[in-house]
Amino acid sequence: MKARLAVFAAAFSAAAGVAGSAQAEIIVGVSLGITGPGASLGVHYRNAYQLMPKTLGGEPVRYVILDDASDPTNAAKNARKLITEDKADVLMGSNGVPSAVQMAQAAAEAKIPMVVLTPANLTGNVLHWSFVVPQTTELMMGAIAQKLKASGVKTVGYIGYTDTWGDIVYKAIQSHAAEGGFKIVTDERYARSDTSVTGQVLRLMSTNPDAIVVGGSGTGAALPHVTLVERGYKKSIYHNHGTVNAEFIKVGGKAVTGAVAVTGPLVVPEELPDSHPTKKVSLDFTKRYEAAFGAGTRNAFAGYAYDGMLLLDAAAPAALKKAKPGTPAFREALRASLEGVKNVVGTHGVYNMNAQTHNGLDERARVVVQVENGAWHLMK
């Protein structure tokens, strides 16, 4: 049984709401992998909700947060519970792509909008009801491809998760291979729960690639990196935007020094030029997050949850003019309003949605970082 971890509630107000009726709260149903293999990411997503305002579009908001234990089946069950029992107006989650996909499918079936917190590839009616906050994997791995090309890399070894995320990262880097002038020579996989990847690493190293790309996330991405270093691999190892947090460095230790990854500007706001459009928002959130949870705890994942809130806050006023929270009409109005948000400056980038694009981020939402002196820094 998955426990309800937290409910952040704003008090009811007697002020008039839609069409003169009593003001009603907006209920946001959230499912996250706060325990299980994805916990190193999930706890940061959860922490972000403690920093969020008590209103959306001026209306009181209540966040109902459940733990799916990093299990897609649990995430689907949580989504249905949040919809049917908690009467959520919108869903948010999860911190693993397989879990997020399951939630998005449940949301589409119930005709409820969902703010997706991982870079899931969605299509059709599922995408119609979903809005993906993180940068697309193609956008992010494009930055890695540029680094590979600039370094003269011709052959790339790949090792990633056996699940959807491993597939997504592989396809993304593969899509840039021709333009980048390199070839993917291996496709090794490992499960999120694995404790050894020695066999995969030995096969990978036998091809002697010029560089290696890891399709893992968080602490799970440290396992192949450390094993490669222990087995004597001396060339560059690159990671995706699912890897960048302090826990990756803590688990990997000195072995991950020099690791290169792509992430959002939130991770290194102090190192951004003053002209960067997100610097002010990113720096403010980072300072508040570290004040609450400790120095060095900054991470990209909390920012995705916070940016999801900013999107809802921007979309809510127009939806509230059309319908009252707790109704199917409000759910549809909120979906339509999310589809039309423009120039929402978040911690990761500037969001511009439309009917064809339910992500809306561009190159301003990515930076390349490297582990130096036990921390992530902007790569020069």
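The legends below describe close-up views of a predicted model.

**View 1. Surroundings of E25, in the loop between β1 and β2**. The loop holding E25 runs between β1 (4-9) and β2 (26-32). With a relative accessible area of 11%, E25 falls under the 20% cut-off and is therefore classed as buried. The side chain of E25 makes a polar contact with the side chain of R62, at 3.0 Å.

**View 2. Parallel pairing of β11 with β12**. Strand β11 (residues 211-215) and strand β12 (residues 236-239) run parallel and are joined by four bridges. One residue to locate in this view is V213, whose bridge partner in β12 is Y238. Helix α9 (residues 222-230) belongs with these two strands: β11, α9 and β12 make a right-handed β-α-β unit.

**View 3. Parallel pairing of β12 with β13**. Two bridges connect β12 to strand β13 (residues 260-263), and the strands run parallel. Y238 appears again here, standing opposite V260 in β13. Y238 is thus a shared point of reference for Views 2 and 3, with V213 as its bridge partner and V260 opposite it in β13. A right-handed β-α-β unit is made by β12, α10 and β13.

**View 4. The largest pocket and its lining**. The volume of the largest pocket is about 230 Å³. Its lining consists of 15 residues, and V267, G296, R298, A375 and W376 lie nearest the centre. Both α10 (246-252) and β17 (375-378) supply at least two residues of this lining. The largest share, three residues, comes from β17. Helix α10, which contributes to the pocket lining, is also the helix of the β-α-β unit in View 3. By class, the lining of the largest pocket comprises seven nonpolar, five polar and three charged residues.

**View 5. The largest cavity and its lining**. Rolling a probe the size of a water molecule over the atoms shows where empty space is left. In this structure, one cavity of 30 Å³ or more is found. The largest cavity has a volume of about 130 Å³. A set of 16 residues lines the largest cavity, with L41, N95, T118, P119 and G242 nearest its centre. The elements giving two or more residues to this lining are α1 (39-48) and α12 (300-322). The lining of the largest cavity divides into nine nonpolar, six polar and one charged residues.

Methods:
Residues numbered from 1 in each chain as written. Predicted model: local features only at pLDDT ≥ 70, side-chain atom pairs only at ≥ 80, totals over all residues. Heavy atoms only, no water. Buried < 20%, exposed > 50% of the residue type's maximum accessible area, 1.4 Å probe, protein only. Polar contact = N/O pair within 3.5 Å; in protein donor to acceptor, adjacent residues only side chain to side chain. 1 Å grid on protein atoms, 1.4 Å probe; cavity = no way out; pocket = protein on both sides within 12 Å on 5 of 7 lines; lining within 4 Å. Points joined across faces, edges and corners; volume = space filled by probe spheres on them. Nonpolar A, V, L, I, M, F, W, Y, C, P; charged D, E, K, R; others polar. Pairing = 2+ DSSP bridges. Right-handed = clockwise from strand over helix to strand, strands pointing away.
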